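Hi,

Here is the structure I promised to pass on to you. Have it open while you read, and my notes on what turned up in it come right after.

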Amino acid sequence: MEQITSLVQIKGIRDGLLATFSDAAWEDQSIALLTQIDERPAFFQGARLAMDVGTQILKVNDLVDLRDRLSERNVSLWAVISESPTTEQTSQLLGMATRISKPRPEEQKQFADTISNDTALFINKTLRSGTRVEYPGHIVIMGDVNPGAEIVADGNVIIWGRVRGMIHAGAKGDRSAYICALDLSANQLRIADEVSAMLKPQKDPQPEIATINSEGRLQAELWHTG
Amino acid sequence: MTAQVITVTSGKGGVGKTTAVANLATALAADGRKVVCIDGDIGLRNLDVIMGLENRIVYDIVDVIEGRCKLKQAMIRDKHYPDLYLIPAAQTRDKNAVSPSDMIRICKDLRPDTDFVIIDSPAGIERGFRNAIAAADRVLVVTNPEVSAVRDADRVVGILEAEEKGTPALILNRLNPTLVRNNDMLSAEDVLDLLGIKLIGIVPEDESVIIGSNRGAPVVTDPKSRAGQAFRNIAKRIQGQDVPFMDLDQQSGLWGAIQKLTGRK
């Protein structure tokens, strides 16, 4: 028993509890976590749990299943920290946080450094309200960005579709970043620390590109070929 | 027979989820199907009132889950349709009294001798919503032609897709064709353009819906009501029939007939 439960380390953090997973089999570790909770139900009652799943690659089913089982024990899973972009994307889709207030000191940085500025995240679907996608490179979206969705990229954002949500390019301060879309009627655009909120829906949408112009203001203009 | 479990949800409150459940369940029962509806709104139960069964409640869903009664004992038979049942919510408890696996278990018990199980989801996207969708084979999202309702519906569709529940079908409720014609209301095209999901029915704004709800007699039982006709059509589409969409611009009653004769719109 001792061996099983020691697979997952649970400790208190400022925002509740943090469960740290190793790279052992996901199934065994999630059972170990639930076992630990069942052993001390009073302690875990109403707890907010964050999980650091390391390099585990988790699919929607894995996370939904564990979240529901935790919820039956009155434990709410609010954040999943991961080194795998797949797992991060899964948790973001399920509306869970992927960062907790205190980032992991060196590991977090290492993760960001391994992604060069030339890497892009490709998303082949429409992003609906409540979805937040963050990526330390460029983001390319094949689909619409609906109102209430948020896209945050350290690099450029390119959308083959209609934009009505919030887009932030150059989030780490890169003022040369740009945002382009087939129909840029976003309710808010940001590049680096410039914010623009005055985009009106277009009657006859045309492709546009938003950049910071020579006067230092965020500006959207029609896309001219050639 | 194996029941199909259908959850009706919306995100935003007050768009007509409960009304839709009561009407679709009644319409399906009128078509000779065996239907059980479950009120998933623990703590704020309403479905019993709209179906006119409030004073018959002895046991509720939480009694079933906590083992105080058998499932059959909590199933209240409708006044008019012997094959229509309601499992009411508990009014004195909250959403945490039910878990997703409880819902899956109850639906599993209902499946063998039922055609349709229809679950009324509470508003919101928290525990109660997750309970309601846990057992669903199919989800219907209800929205109104209002920006805020559509935004919430979009969020719900996103969650359903993320949880791999499949793409839901849309019921657009309370559409007012006159307001749409004058560009004062979002049109069905505007809503579908944003949500990008399949439409299963448009229900026009109709006073008789409120009258029916207050009387505990769902509007589908009124053969003259256009909203009732819209719900009957949706029930047919749920059963796999291909029913054409109603012409909402058409006016009903004597005045409509006169306008038609004189060629005025």
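Let's start with strands β5 and β7 of chain A: β5 (residues 120-123) pairs with β7(A) in the parallel sense, over four bridges. Keep in mind throughout that this is a predicted model. If you want to find the pairing on screen, look for A:Leu121, whose bridge partner in β7(A) is A:Ile139. Another pair to look for is A:Phe122, which has A:Val140 as its bridge partner in β7(A).

β7(A) has a second neighbour too. It is joined by four bridges to strand β9 (residues 157-163) of chain A, and these two run parallel. Here A:Ile141 stands opposite A:Ile159 of β9(A).

Which residues of β7(A) are on its covered face, and which on the uncovered one? Strand β7 covers residues 138-142 of chain A; A:Ile139 and A:Ile141 make up the covered face, while A:His138, A:Val140 and A:Met142 are on the uncovered face. Put that together with the bridges: A:Ile139, the partner of A:Leu121, is on the covered face, whereas A:Val140, the partner of A:Phe122, is on the uncovered one.

Now zoom out to the whole sheet. It is an open sheet of six strands in chain A, ordered β5-β7-β9-β11-β14-β15, and its pairing is mixed. Why do β5 and β15 each have one side without a neighbour in the sheet? β5 and β15 (218-222) of chain A are at the edges and have a single partner strand each, so one side of each has no neighbour there. From one strand to the next, the twist averages 25°. In case the idea of pairing is new to you: strands of a sheet pair through backbone hydrogen bonds, in either a parallel or an antiparallel way.

Chain A has another open sheet, this one of five strands in the order β6-β8-β10-β12-β13, again with mixed pairing. Its edge strands are β6 (132-135) and β13 (194-196) of chain A, each of which pairs on one side only. Neighbouring strands in this sheet are turned against each other by 10° on average, ignoring direction. For an antiparallel example, take strand β12 (residues 188-191) of chain A, which pairs with β13(A) over three bridges. One spot to click on is A:Ile191, whose bridge partner in β13(A) is A:Glu194.

A few totals for chain A: there are six helices and 15 strands. Of its 226 residues, 35% count as buried. Among its contacts with a separation of 6 or more, 36% are between residues 24 or more positions apart.

Over to chain B. Helix α7 (residues 147-162) and helix α9 (residues 188-195) of chain B have axes that come within 10 Å and cross at roughly 35°. That crossing is right-handed. On the α7(B) side the contact uses B:Val150, B:Ala153, B:Asp154 and B:Val157, and on the α9(B) side B:Val191, B:Leu194 and B:Leu195. Sorted by class, that gives six nonpolar residues, no polar ones and one charged.

Just along the chain is B:Ile197, in the loop between α9 and β8 (198-204) of chain B. Is B:Ile197 buried or partly exposed? Its count is 18 other C-beta atoms within 10 Å, so B:Ile197 is partly exposed. Leaving out residues up to four places away in sequence, B:Ile197 touches B:Val157, B:Thr167, B:Pro168, B:Ala169 and B:Leu170. B:Leu170 is 27 residues away from B:Ile197 in sequence, yet their C-alpha atoms are 6.8 Å apart in space.

Then there are the nonpolar cores. The largest has 80 residues, and those touching the most other members are B:Leu24, B:Ala25, B:Val117, B:Ile118 and B:Phe231. Not counting neighbours within four places in sequence, B:Ala25 is in contact with B:Val35, B:Cys37, B:Leu84 and B:Ile118. A second, separate core has 29 residues, including A:Val133, A:Tyr135, A:Ala210 and A:Leu218.

Last, the place where the chains meet: 15 residues of chain B and 17 residues of chain A take part in the contact. On the chain B side, α5 (100-110) and α7 are the elements giving two or more residues. The largest share, six residues, is from α7(B). By class, the chain B side has four nonpolar, five polar and six charged residues.

Have fun with it!

Technical notes. Residues are numbered from 1 along each chain as its sequence is written. Chains are lettered from A and ligands numbered from 1 in the order in which they are written. This is a predicted model: local features need pLDDT of at least 70, side-chain atom pairs count only at pLDDT 80 or more; totals for chains, interfaces and linings use all residues. A nonpolar core is a set of buried Ala, Val, Leu, Ile, Met, Phe, Trp, Tyr and Cys residues joined through C-beta atoms within 7 Å. A residue is buried if 20 or more other C-beta atoms lie within 10 Å of its own, exposed if 12 or fewer, and partly exposed in between; C-beta atoms are placed from the backbone. Two residues are in contact if their C-beta atoms, placed from the backbone, lie within 7 Å. Axes are lines fitted to C-alpha atoms, for helices over the stretch in contact, and angles run from 0 to 180 degrees between N-to-C directions. A crossing is left-handed if the near helix is turned anticlockwise from the far one by less than a right angle, and right-handed if clockwise. Ala, Val, Leu, Ile, Met, Phe, Trp, Tyr, Cys and Pro count as nonpolar, Asp, Glu, Lys and Arg as charged, and the others, Gly among them, as polar. Two strands pair if DSSP finds at least two bridges between them.
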